[in-house]
Amino acid sequence: MKQRIHHILWQPETFLALLVASLFGLMGQLDPAFIQWHVQRELSTHAWELAIIAIPMTLVILTGGIDLSVGAIMSLTAITLGMLFQSGCPLPLACLAALLAGILCGALNGWFITRMQVHPLIITLATMAAYRGVAEGISRARPVSGFPSSFAWLGQGLWLGIPVAGWLFLGLLVVMLWMMHARSFGTHVYAIGLNSTATRFSGIRVDRMLLAIYTFSGGVSALAAILLVARRNTAKADMGMGMELGVITAVVIGGVSIFGGRGSLLGTCLGILLIHETREFVSWHWNRDELNLLALGALLILSVVFQKLLRHKRATP
Amino acid sequence: MERLKTNALSKSYGGTHALKDISMDIIAGEVHALCGENGAGKSTLIKILSGVERPDTGKVHWRDAPLPLGKVDAIEAHGVVAVHQEPVIFPHLNAVDNLFVGREHAMACGIWLNQASMRKQTQNILATLGEALSVTEPVGEMSLAQRQMVSMARALIHQCRILILDEPTASLSARESASLFGRINVLKEQGVGILYVSHRLEEVFKLADRVTVLRDGASVGTWAIKDLNRDTLIKHMVGREVPVAPPTSSPNVKPTKQPVIEVSALCRKGAFNDISFHIQPGEILGMSGLVGAGRSEIARALFGVDRFDSGNILYGGRTWTSLTIQDAIAHGIAMVPEDRQLQGLVLPLSVETNLLLPSLANHECFRGLDQGTMRSTAGDLVTQLGIKTESPSKPAESLSGGNQQKIVIGKWLHTHPTLLILDEPTRGVDVGAKSEVHRIIQALAAKGTAILLISSELPEILSLSDRIMVLCGGCNQGILSRQEATQEILLRRSLPTDSGRDI
Ligand SMILES: Nc1ncnc2c1ncn2[C@@H]1O[C@H](COP(=O)(O)OP(=O)(O)OP(=O)(O)O)[C@@H](O)[C@H]1O
Ligand SMILES: [Mg+2]
């Protein structure tokens, strides 16, 4: 029992949770208005796309890979949605096509990684450029707008007092938590990240799992793009620009090892919360962009260094 | 007198006392064997002597001066060099780069590396180990034994005064072992002190001058080799009298049965050529040969890891011309691969997860993974195989080498395979556990499992197999029945003859 408590106390998630709690405490001290529910709810609209993509990104990084193309997939699918809508396609159908496009983009990444044995960093770096190139090419940098107001509900509306996008995130999170903790899938993901050869020798379809995970990542990026279009009421080719960095930062701050095999979805959630709150608070209170960057950098260093120390501490109790 | 002396070394990992109060010495010009069961603390002692780990308490003296502890480079500079149990190499580099990483030969005032001299030296050292290895191939693509040799060569290019070898022969076959022994004797004559760890007791008696026995982390004593015999040594190691009977021969299979697997004319360019054999239910087919003879490659082809170019496999009522690991497993083939750390285990995961990894999907139920049956299955395997661990939830990497090997065997036992391929199943397993593994193999065979046993240990092959196939250079040198086979015949057949046999 004592060992168990010790074990839980030294988890990176515990440390992150404490960090989040103290951050809220600090923000409440500095500016009580900031931590009110309706303010937080309002500000959360900025974060849902990032949060949603962080879920598949966690899986990708846990397997020891990376997906740099998520932002580009967002822009490509946003443009797909916009162009189809403009050409008179019914909106639900256009959304479906956008999702499909995202799934295809992700599957293409996965295909290169599993069949062609290209390193994920390289192939997604390449497809990041390619997908965004295609998006800019077909849109010719012209934004599409004029979506019906019912569509805006998806990005801006509330349901039972919580943003619709938030419900989507929660739904996805619950399903993935179940997959990770109650199914063999989760253990297999960790095993792949730690030693994919031994995992393959144990009869686990490593290639198929990787293909599925990168495809999932593409599909979820498309979902995020739909939400973003709905929220902004425009579709542009530069949407999702830099998204990959934000997402990867959140996942890494959340204690997921970039080498794979260590970390958790819970950690990622805390990581998202941490960077989102810091960012919003800095812009709310000081409204200075450079401070924001500084805070983000400091947070990343703090989190990574502490986790390193924690891991060491856990290894030698 | 030159000697390396340890003074009351202790080391614990969490709750396990891996070493307690070890005092011993290695004298220049002697071969000092270190014996003990799996998990006795041998590798831990070696890690401390070589500076990979730091002891909790205690000191090490070299030539009566204290040795800097926990600093590999400083210790190597004193001439104390170790070859660890699991080969430490850079898989993407070739043999030359592996040997010279961190101590490259420079020329032209350090602007260029002297590739030619480094390559020459690498070839020379590998040649003294009796192995013609490619010096351009990335080491990660070599077999385990070849990697072990690169690792050894890396230690030998030092002008060492004390050489520490942790189970160097575990994956070597008779010929490579013999050249290694030759090398050891030469070094010994040059006045190098050698600390030698092995579970193959014949080697200990052949090489060693003195033996130190460890048991549960404590030193039992040091003896001159002439004061010991096999039985007393085992008794010191285990702490009680153990009759390590040579495995009894299983009843011969009736030849009327339908074979489980029939392999015909299997070829893979550069690995093996025209391999045909069959195995019946309950039969153990041994595969003998030198390192690089193509045994593991055949095993990998049967398990669907590698493709083969031509030939086919008749198995499970189908003729396969290509198969995947999933096909193999779905039809009841299981394989214990040669390299436990690379292919057998996910080291940071727990013992339990590793044991259940092939069958985890069967433990899914409505509420999630069925922790109860998982724990009991894993617990049974731990007791059945005598895996020495604090608890099954400990990471596999915290176990000693031999105990890790037992996990790799255990993870397939509960899947009840119809064909079990064992590639060096007792590599690094101690005497007691080895006979236990042998017993398990025979029990499986008695229940009708067909077994393909690859082993470099001739006594193991000879005592367990019903028939023995000898390979050399990827070619089948004939299949012998148990009655026909002797060590001499196996060795002779496994040596390449002069009539160039190239594939
Ligand atoms: N990193 C570690 N963390 C926790 N326990 C460890 C670690 N390394 C070794 N141990 C424990 O220390 C003990 C001694 O291990 P060691 O590897 O020295 O055994 P060994 O004598 O070399 O055995 P083998 O013959 O199987 O290689 C074992 O009980 C092992 O479980
Ligand atoms: Mg050992």
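This is a conversation about a predicted model with a chain A and a chain B, and about the reasons behind some of the words used for it.

Visitor: How do you know how confident the predictor is in chain A, and where is that confidence lowest?

Guide: The mean pLDDT of chain A is 88, and 97% of its residues reach 70 or more. Within chain A, helix α1 (residues 2–9) has the lowest confidence, with a mean of 68, while helix α4 (residues 48–62) has the highest, at 95. Where pLDDT is low, the predicted coordinates should not be read in detail.

Visitor: What makes up the meeting of chain A and chain B, and how many residues are in contact?
Guide: On one side there are 21 residues of chain A, and they are in contact with 29 residues of chain B. The area buried between the two chains is about 1900 Å², and carbon and sulfur atoms give 61% of that area. Of the area that chain A buries against chain B, 31% is supplied by Arg183(A), Phe201(A) and Ser202(A), which is more than any other three residues supply.

Visitor: Why is the pair Arg183(A) and Glu364(B) called a salt bridge?
Guide: The name requires a side-chain nitrogen of Lys or Arg within 4 Å of a carboxyl oxygen of Asp or Glu. The side chains of Arg183(A) and Glu364(B) meet at 3.6 Å, N to O, so the pair satisfies the rule. Across the interface of chain A and chain B the rule finds one salt bridge, and the count of residue pairs in polar contact there is seven, with both residues at pLDDT 80 or more.

Visitor: Which elements of chain A give two or more residues to the side that touches chain B?
Guide: They are α9 (164–182), α10 (184–194) and α11 (196–201) of chain A, and the largest share, six residues, comes from α10(A). By kind, the residues on this side of chain A divide into seven nonpolar, ten polar and four charged.

Visitor: Why is Lys11(B) called buried, whereas Glu53(B) is called partly exposed?
Guide: Buried means under 20% relative accessible area, and partly exposed lies between that value and 50%. Lys11(B) has 10% relative accessibility, so Lys11(B) counts as buried, while Glu53(B), with a relative accessible area of 22%, is partly exposed. The side chains of these two residues, Glu53(B) and Lys11(B), meet in a salt bridge of 3.5 Å, N to O. This pair links distant parts of the chain, 42 residues apart, with Glu53(B) in the loop between α1 (42–50) and β4 (57–62) of chain B and Lys11(B) in strand β1 (residues 3–13) of chain B.

Visitor: What makes Asp306(B) buried or exposed, and what of Arg268(B)?
Guide: The relative accessible area of Asp306(B) is 17%, which is under 20%, and therefore Asp306(B) is buried. Arg268(B), at 23% relative accessibility, counts as partly exposed. The side chains of Asp306(B) and Arg268(B) meet in a salt bridge at 3.2 Å, N to O, and the two residues are 38 residues apart in the chain.

Visitor: How do you know that Arg210(B) and Glu30(B) meet in a salt bridge?
Guide: Their side chains come to 2.9 Å, N to O, and the cut-off is 4 Å, so the pair qualifies. Arg210(B) is in strand β11 (residues 210–215) of chain B, and Glu30(B) is in the loop between β2 (16–27) and β3 (31–35) of chain B, 180 residues apart. At 6% relative accessibility, Glu30(B) counts as buried. Both residues also belong to a network of salt bridges that links Arg3(B), Asp25(B), Glu30(B) and Arg210(B).

Notes: Residues numbered from 1 in each chain as written. Chains lettered and ligands numbered in written order. Heavy atoms only, no water. Contact = heavy atoms within 4.5 Å. Buried area = accessible area lost by both parts, 1.4 Å probe. Polar contact = N/O pair within 3.5 Å; in protein donor to acceptor, adjacent residues only side chain to side chain. Helix = DSSP H or I, 4+ residues; strand = E, 2+ residues; numbered from the N terminus. Nonpolar A, V, L, I, M, F, W, Y, C, P; charged D, E, K, R; others polar. pLDDT = per-residue confidence, 0-100. Buried < 20%, exposed > 50% of the residue type's maximum accessible area, 1.4 Å probe, protein only.
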